[in-house]
Amino acid sequence: APIAKGTHKQGIAKAQPRQHARLINLLGVKQLVIGVNKMDCDVAGYGEERYTEIKNEVQSMLVKVGWKKDFVEKSTPVLPLSGWMGDNLLKPSDNMKWYKGQEILVGKDKIKVHTLLDALNDMVKPPVRDSAKAMRMPVSGVYKIKGVGDVITGCVEQGLVKPGAEVVFLPTHTESNKCS
């Protein structure tokens, strides 16, 4: 949600965070960290009131687009930040002494999150990759490199890359359109 107050006529759109929240929910994202950035600006002025207003608005919006209310309230930290000034990024801010951090439920454990660094190091866990299954890699790009040829790039989502293994590209490789 934008830190600045206003309407769509002023160029401040609230639809984008809503669309992002719905999309990441549909994609199956299991962990969220919300940053209320620009706490140093004139409107917020490092104040708890504006932070609380945005926090409540964002939590309400997340529930409306399909996130479970219990997850949003207990397992999603909402951090007041100033990326420009570095407040609450690596260490607790002297400008926001009113913010004491949050107790976040991660599985069955409670974790104290005060800064973005705390959230990324202590709360966020990498997803488990199943290396026993066949390799799956969505292709993100194909690059033509002189002297090398075509280089296909992507992130391996499951399985392992094995030298010499045959690779099949789908959906191109179907019964009616076999790869040769």
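1. W98 is partly exposed, with a relative accessible area of 24%, and W98 and Y99 form an edge-to-face aromatic pair, their ring centres lying 6.1 Å apart and their planes standing at 75 degrees. Y99, by contrast with its partner's partly exposed state, counts as buried, at 6% relative accessibility. Here buried stands for under 20% relative accessible area, exposed for over 50% and partly exposed for what lies in between, with a 1.4 Å probe and protein chains only.

2. On the basis of the note: this is a predicted model, in which local features need a pLDDT of at least 70 and side-chain atom pairs count only at pLDDT 80 or more, while totals for chains, interfaces and linings use all residues. Residues are numbered from 1 along each chain as its sequence is written, and side-chain values use heavy atoms, with hydrogens and water left out.

3. How many aromatic pairs does the model hold? The count comes to 4 aromatic pairs, and one of them joins Y51 to W98 in a tilted arrangement, 5.3 Å from centre to centre and with 45 degrees between the planes. Because Y51 lies in helix α2 whereas W98 lies in the loop between β2 (78-80) and β3 (102-106), this pair ties together parts that are 47 residues apart in sequence. Y51 itself is buried, at a relative accessible area of 5%. Rings of Phe, Tyr and Trp (its six-membered ring) are paired when their centres lie within 6.5 Å, and planes under 30 degrees apart are stacked, over 60 edge-to-face and the rest tilted. Y51, W98 and Y99 form one aromatic cluster.

4. Turning to charged side chains, there are 4 salt bridges, each a side-chain nitrogen of Lys or Arg within 4 Å of a carboxyl oxygen of Asp or Glu. In one of these, R50 meets E53, and the closest N and O atoms are 2.9 Å apart. Both residues belong to helix α2 (residues 48-64), where a spacing of 3 residues separates R50 and E53 by about one helical turn. Is R50 buried or exposed? At 7% relative accessibility R50 counts as buried, whereas E53, at 36%, counts as partly exposed.

5. A salt bridge also links the side chains of K74 and D70, at 3.1 Å from N to O. These two residues lie in helix α3 (residues 69-75), 4 residues apart, which is about one turn of the helix. K74 counts as partly exposed at 44% relative accessibility, and D70 is likewise partly exposed, at 47%. Helices (H or I, at least four residues) and strands (E, at least two) are DSSP runs, numbered from the N terminus.

6. K97 forms a salt bridge with D94, with the closest N and O atoms 3.7 Å apart. Where R50 of the bridge in helix α2 is buried, K97 and D94 are both exposed.

7. Among the strands, β5 (residues 139-145) and β6 (residues 149-154) run antiparallel and are joined by 6 bridges; pairing of two strands requires that DSSP find at least two bridges between them. Within this arrangement K144 stands opposite D150 in β6. The two strands, β5 and β6, form a hairpin with 3 residues between them, and in the turn G147 has a positive phi of about 85 degrees.
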